[in-house]
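Reader: I have this one open on my screen and would like to go through it with you, beginning with the ligands and then moving on to the fold. Could you take me through it slowly?

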Amino acid sequence: MSGSSRPWNMVRINQVDMKNILVTGGAGYIGSHVVQELLKRDYTVVTLDNLSKGHRGAVVGGVFVQGDCGNSMLVGELVKQHQINAVVHLAADSLVGESMTRPDKYCRNNLGNGIEFLTALVDAGVRQFILSSTAAVYGEPEYTPIDEAHPTRPVNVYGGTKLMLEQILGWYEHAYGLRFVALRYFNAAGADPGGNIGEDHNPETHLIPLVMQAALGKREKVTILGTNYPTPDGTCLRDYIHVSDLAVAHVLALEALQAGEPSAVYNLGNEQGHSVREVVDTVRRVTGRDFTVEEGPPREGDPAVLVASSRKIKDCLKWQPRYGELEEIVRTAWAWHSNHPDGYQS
Ligand SMILES: NC(=O)c1ccc[n+]([C@@H]2O[C@H](COP(=O)([O-])OP(=O)(O)OC[C@H]3O[C@@H](n4cnc5c(N)ncnc54)[C@H](O)[C@@H]3O)[C@@H](O)[C@H]2O)c1
Ligand SMILES: O=c1ccn([C@@H]2O[C@H](COP(=O)(O)OP(=O)(O)O[C@H]3O[C@H](CO)[C@H](O)[C@H](O)[C@H]3O)[C@@H](O)[C@H]2O)c(=O)[nH]1
């Protein structure tokens, strides 16, 4: 639809209650922590998740709707019925390796459904939007730590789809007045210290939960994917950020939009790089368990080093991580995995 046929400036913008939030992907790993944080702060939350990856049991409260964010009719109805003011959009496919072999899946879901979703929102009058973006938009770093001014040249399809969605948000802002915050998370890890929600993916591809499964004896071994990277120990460096710290950042971003702040892009990391070997050693230390570790070839699409500068979000939104150390993050992950060895099934 062209800009002229979409009278966005005439659409009624709900100012009555600024606390009705639609969260897509809220049954997933990060989304479930975001939903919990919003509920703690007295937001009214509607979770929309198609459960392609998420778990009904991960949604600790609010209204849950099983459905697809690309279903414009459903989205329009939800906005109207629940007087939605703002949206947190986490629904996506997000596996770097898979995105290289299934680009169609990533373009359809992250872009196709993402665009349908955005369009249904502006049609329904929503003008505040938080996007789960990613460090994968940067590609191979030209310098570290990576700040938001770093060039964006994704080296995997997944990062490419997220960058395009950020660009589309800019166009929707220009045409329809939608204000947005794109949060470029680095590697989400850990679990809610309360112990009820945590990471449960099937298949699991993320390093920390895989190492936890090996520590629990549920996996025969851990494979280090690449040992010849230009890093001190030859394995990739990543910046692990606690999922509860991420959740708080979403609330701060929402508050900024609600206060009328302009659109913005923020990195979210702990500003420290940890190698794959360091993660393995930390899990051994925290769990007191040993397991087999083998060395394998690198995974396609993996940059050698991804370490954030989070200065901007600390300065602008006063965000401060509570879990700055890898060991603390691994401790909370271990509490979840050891108490829920079969994830939400246990
Ligand atoms: N996990 C990380 O380290 C990380 C890092 C950077 C960015 N992100 C981004 O954060 C978001 C959440 O990641 P996660 O690790 O919690 O993933 P996740 O797979 O646990 O959660 C995604 C949720 O979205 C749902 N979903 C997917 N497509 C949908 C659709 N079309 N309609 C409705 N629901 C849909 C899934 O069922 C799932 O519950 C993603 O957008 C991801 O790209 C994650
Ligand atoms: O069995 C494994 C699994 C992973 N790794 C390595 O561990 C590191 C972390 O890998 P993850 O799969 O845990 O995480 P990624 O860095 O690939 O990706 C994550 O963080 C990215 C941003 O940094 C994206 O946003 C993405 O959504 C999210 O999954 C990588 O170097 C990877 O090669 C291994 O050595 N062995």
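Author: Before we start on the second ligand, a word on classes: Ala, Val, Leu, Ile, Met, Phe, Trp, Tyr, Cys and Pro count as nonpolar, Asp, Glu, Lys and Arg as charged, and the others, Gly among them, as polar. Please also keep in mind that this is a predicted model.

Reader: Fine, so how do the residues of the shell around ligand 2 divide into nonpolar, polar and charged?

Author: The shell around ligand 2 divides into eleven nonpolar residues, six polar ones and three charged ones.

Reader: And which residues come nearest to ligand 2?

Author: Out of the 20 residues around ligand 2, the nearest are Thr-134, Ala-135, His-206, Leu-207 and Cys-236. As for the elements, α6 and β8 (221-225) each supply at least two residues of that shell, and β8 gives the most, with three residues.

Reader: What about ligand 1, which residues come nearest there?

Author: Ligand 1 has 29 residues around it, of which Gly-25, Gly-28, Gly-54, Ala-91 and Ser-94 come nearest. Two or more residues of this shell come from each of α1 (29-40), β2 (44-49), α4 (103-124), β5 (128-134) and β7 (187-189).

Reader: Which element gives the most to the shell around ligand 1, and what is the split by class?

Author: The most comes from α1, which gives three residues. By class, the shell around ligand 1 holds 15 polar, eleven nonpolar and three charged residues.

Reader: You mentioned α4; how does it lie against α5, parallel or antiparallel?

Author: The axes of α4 and helix α5 (residues 157-176) come within 10 Å and cross at roughly 20 degrees; angles under 35 degrees count as roughly parallel, and α4 and α5 are therefore roughly parallel to each other. The crossing in which α4 passes α5 is right-handed.

Reader: Which residues in α4 and α5 meet?

Author: On the α4 side they include Tyr-106, Leu-111, Ile-115 and Leu-118, and among those they meet in α5 are Tyr-158, Leu-165, Ile-168 and Tyr-172. The contact of α4 with α5 has, by class, 14 nonpolar, three polar and one charged residues.

Reader: Back to α6 for a moment: at what angle do α6 and α10 pack?

Author: Helix α6 (residues 207-215) and helix α10 (residues 326-339) pack at about 55 degrees, with their axes 10 Å apart, and the two are therefore oblique to each other. Their crossing is right-handed. In the contact itself, Ile-208, Pro-209 and Met-212 in α6 meet Val-330, Ala-333, Trp-334 and His-337 in α10, and these residues divide into six nonpolar, one polar and no charged.

Reader: Now the sheets, please. What is the order of the strands in the open sheet of seven?

Author: The order is β3-β2-β1-β4-β5-β6-β11, with parallel pairing. The edge strands are β3 (63-66) and β11 (264-268), each of which pairs on one side only. Neighbouring strands of this sheet are turned against each other by 20 degrees on average, direction ignored.

Reader: How many bridges pair β6 with β11?

Author: Strand β6 (residues 179-185) pairs with β11 in the parallel sense over five bridges, and Leu-183 stands opposite Tyr-266 in β11.

Reader: And what is the order in the open sheet of three strands?

Author: That sheet runs β12-β9-β14, with mixed pairing, and β12 (274-275) and β14 (305-306) are its edge strands. Strand β9 (residues 237-238) runs parallel to β14 and is joined to β14 by two bridges; the bridge partner of Leu-237 in β14 is Val-305.

Notes: Residues numbered from 1 in each chain as written. Chains lettered and ligands numbered in written order. Predicted model: local features only at pLDDT ≥ 70, side-chain atom pairs only at ≥ 80, totals over all residues. Near = placed C-beta within 6 Å. Helix = DSSP H or I, 4+ residues; strand = E, 2+ residues; numbered from the N terminus. Axes fitted to C-alpha atoms, helices over the stretch in contact; angles between N-to-C directions. Parallel < 35°, antiparallel > 145°, perpendicular 65-115°, else oblique. Left-handed = near helix turned anticlockwise from the far one by under 90°. Contact = placed C-beta atoms within 7 Å. Pairing = 2+ DSSP bridges.
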